[in-house]
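Here are a few exercises to work through with the model open beside you. Try each task before you read its solution.

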Amino acid sequence: MASSLIDGRGARRPGRLHHRPWVPYALLLPALLVYGAFLLFPLGRAIQFSFFEWDGLGESTFVGLANYAEVFGSGPLREAFLHALVLVLFFAVIPLILGLVLAAILTRSPLRGLGFFRTVIFLPQVIAMVVIAVTWRQIYAPDGALNGLLRAIGLDALTRPWLGDYAWTLPAVGLIGTWVSTGLVTVLLMAGMSRVPREQYEAARLDGAGPLREFFAITLPSVRGEITVALTLTIVAALKTFDLVYVTTRGGPGNSTTVPSYEVYRHAFELGEVGAAAAIGVVLTAIVFAINAVVNMIGDRS
């Protein structure tokens, strides 16, 4: 078969695939069919439902953009999207800062048992979010571990029902996201930093650069791709958070921790407003896509 592609002078002749430009597309067809069946088709149906008023069982009524008007005009729904953006700070920004510091320290100063540390810090990623939420709900309980620790060190004035306080509930939920995401971000950044040649740091030291200058001049530019990946994963996790909020607060107290994913569930399964739920989901999808597109564009240009 291979010899048929070589002429008598030993030169390679164009193979048969060069005369069949449709072959690569045919090879991709099964993957495209699966992608379309399990992603594009459901997304299209959700967009279709968003233009109707429907309870999920009976007749549906076409209402045009009324569901989208409710999404942008309803105070509680606007608050839900703002809460999701606040969670981005806890799920993405704070873990990125902590991850950069931890990864830089651990990479520059190798310790015994570093592999074990990586496993432990990554452990929250392999635990089901429902289990994490139940555990932290017990920690945040009025008689839980956090308040017990504060009382033990004489800080009784700081104790409070962390998941029942209007001012502290959203940050308390966000800190759980920080705990979950920091390990993932740290491991990603450590993998990127470990590929930086040691010669670059040695040359920087000979030029009189200190640790801080080395970090900003060598380490940070070298992990640009890892930072982009980490932000993409953690921002998506923050914006689509549902199980954490559902188990810990159910959107309460009041509407202080409602998020778009929870509002999709509440409108579809509690209020019987499938069209409104679909509209919220479509808007959330657009926001996720837009934010991550910006992150990736900035990462590519850096």
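Before we start, contact here means heavy atoms within 4.5 Å. Keep in mind too that this is a predicted model.

**Exercise 1.** Leaving aside neighbours within four places in sequence, work out which residues leucine 189 is in contact with.

*Solution.* Step one: skip the residues within four places of leucine 189 in sequence. Step two: list what remains in contact with leucine 189, namely Leu96, Gly99, Leu100, Ala103, Val223, Glu226 and Ile227.

**Exercise 2.** Find out how many residues the largest nonpolar core has, and which helices supply at least two residues each.

*Solution.* Start with the count: the largest nonpolar core has 51 residues. Next, look for its best-connected members, and you land on Leu100 and Leu189, which have the most contacts inside this core. Now go through the helices. Helix 2 (66-73), helix 3 (75-108), helix 5 (129-140), helix 7, helix 10, helix 11 (243-248) and helix 13 (274-301) each supply at least two residues of this core. Helix 3 gives the most, with 12 residues. Finally, there's another core lying apart from this one; it has 5 residues, including Val196, Tyr201, Ala209 and Ile218.

**Exercise 3.** Glutamate 226 turned up in the contacts of leucine 189. Which side chain does glutamate 226 meet in a salt bridge, and which parts does the pair tie together?

*Solution.* First, the partner: glutamate 226 meets arginine 195, at 2.4 Å from N to O. Second, place both ends. Glutamate 226 is in helix 10 (residues 224-239), while arginine 195 sits in the loop between helix 7 (169-193) and helix 8 (198-206), so the pair ties together parts that are 31 residues apart in sequence. Third, check accessibility: glutamate 226 is buried at 14% relative accessibility, whereas arginine 195 is exposed at 56%.

**Exercise 4.** Count the salt bridges, then decide whether aspartate 165 and glutamate 214 are buried or exposed.

*Solution.* The total is 4 salt bridges. One of them joins aspartate 165 to arginine 160, with the closest N and O atoms 3.6 Å apart. The cut-off for buried is under 20% relative accessible area. Aspartate 165 has 19%, so call it buried; arginine 160, at 21%, counts as partly exposed. Another salt bridge links glutamate 214 with arginine 205, their closest N and O atoms being 3.6 Å apart. Glutamate 214 is buried, with just 3% relative accessible area, and arginine 205 is partly exposed at 43%.

Terms used. Residues are numbered from 1 along each chain as its sequence is written. This is a predicted model: local features need pLDDT of at least 70, side-chain atom pairs count only at pLDDT 80 or more; totals for chains, interfaces and linings use all residues. Side-chain values use heavy atoms; hydrogens and water are left out. Buried means under 20% relative accessible area, exposed over 50%, partly exposed in between (1.4 Å probe, protein chains only). Helices (H or I, at least four residues) and strands (E, at least two) are DSSP runs, numbered from the N terminus. A nonpolar core is a set of buried Ala, Val, Leu, Ile, Met, Phe, Trp, Tyr and Cys residues joined through side-chain atoms within 4.5 Å.
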